[in-house]
Amino acid sequence: MKQSIDMRSAARSRLLVAAAAALLFALPAASHAQESKTNVVRPFLWHAELPRSPENVVNIFRRFDSALREPMVDFYSKALGMEPLPYQPNAMMIRFPVGTSELKLFPTASGNELRARPVNEVAGLRLMTLFFPDEAALAARFVDHGYEAPKFHAADGTRKIAHVQDPDGQWVELVVVPGAAQSVYEQVQYGLTVTDIETSRAHYRDFVGPEELPAVQHPLLKTTNYSYKPGDQIISLWSFGADLPKDTGTAGIQYVVWNVEGVDALAKARNVAVDRPLSAAGRFPRTVWLFDPDGITNYFAQFRESPDALRAAN
């Protein structure tokens, strides 16, 4: 009997030691999670564990000459095959979903004349990349709707790539990837020409927070491409020198977040330049507009209160 009691006592001791050890080793992980939450924006972004956001996750906006509204809708819907969201009365914006992202087109009285110059000649958010399964079908759509067929070039493996301009002169990259998973065609990539690649890498990696993917050579631009993947979207950076003129007002990035106050506090702590300060509480969307190192807009929008999001993140 005594031996049995001793054995049970020893077993309890081992369990207590194991529990203490588990707690001890869990503490650094918890501290690291808390540290990452306060040091980068990424934990504040909408993510897959939350209910699907109707505003999507990371979006691109482009301003265009308002006189070109009909040609712009025609190009993106007919030539590129994108399906716009239903038109809302009194809404100026045109919205084209791509996977969990959106292209948001805003008409404006006049555009920056630099927007139509080649990607390597002007700094700014210069390129939107879309992925397609069939080169012949894509080229046929262009020709059928009065556009010149894209001139594709071999990239890596079976991929082909072409650059075209929309009716406003802004650049779109078309990548043909035959036989890929549907998720590939639902990706969208935003290409930024920057003037100081290391400073911009630090901003998107160490402030926005997505992991930096392995650097690659861009097959058409012939420069090193550094990319970040906050979701189904890819943000890509490249540089052609420090002295380029800038067009930072034509296009920018919108991030949908569940805690815009957290983004604002982090931006202040990290001395990130502010375009438009945090908007007043109680009205949605609530936003804060920030600049990246080149002055490209990164704006963060919270569209609703989200108790579920708060519980999930904490």
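Here is a friendly chat about the open and closed spaces in this predicted model.

Colleague: Let's start with the overall fold: how many helices and strands does the protein have?

Modeller: Happy to help! The protein has 314 residues, and 45% of them count as buried. Its secondary structure comes to seven helices and 15 strands.

Colleague: What share of the contacts between residues at least 6 apart in sequence join residues at least 24 apart?

Modeller: A contact here means heavy atoms within 4.5 Å. Among the contacts between residues at least 6 apart, the part joining residues at least 24 apart is 67%.

Colleague: Which residues lie closest to the centre of the largest pocket?

Modeller: This pocket has a volume of about 460 Å³. Its lining is made up of 19 residues. Closest to the centre are Phe 131, Arg 159, Gln 189, Val 216 and Asn 225.

Colleague: And which elements give two or more residues to the lining of the largest pocket?

Modeller: By class, that lining divides into nine nonpolar, seven polar and three charged residues. The elements giving two or more residues to the lining are β4 (124-132), β7 (171-176), β9 (216-217) and β10 (224-228).

Colleague: Now for the closed space: how many charged residues are in the lining of the largest cavity?

Modeller: The structure holds one cavity of 30 Å³ or more, and the largest cavity has about 70 Å³ of space. Its lining includes Arg 62, Arg 115, Arg 126 and Asp 247, and Arg and Asp both count as charged. Alongside three nonpolar and two polar residues, the number of charged residues in this lining is four.

Key:
Residues are numbered from 1 along each chain as its sequence is written. This is a predicted model: local features need pLDDT of at least 70, side-chain atom pairs count only at pLDDT 80 or more; totals for chains, interfaces and linings use all residues. Side-chain values use heavy atoms; hydrogens and water are left out. On a 1 Å grid over the protein atoms alone, a cavity is a set of points where a 1.4 Å probe fits but cannot get out, and a pocket is an open set with protein on both sides within 12 Å along at least five of seven lines; lining residues have an atom within 4 Å of a point. Grid points are joined across faces, edges and corners, and a volume is the space filled by probe spheres set on the points. Helices (H or I, at least four residues) and strands (E, at least two) are DSSP runs, numbered from the N terminus. Buried means under 20% relative accessible area, exposed over 50%, partly exposed in between (1.4 Å probe, protein chains only).
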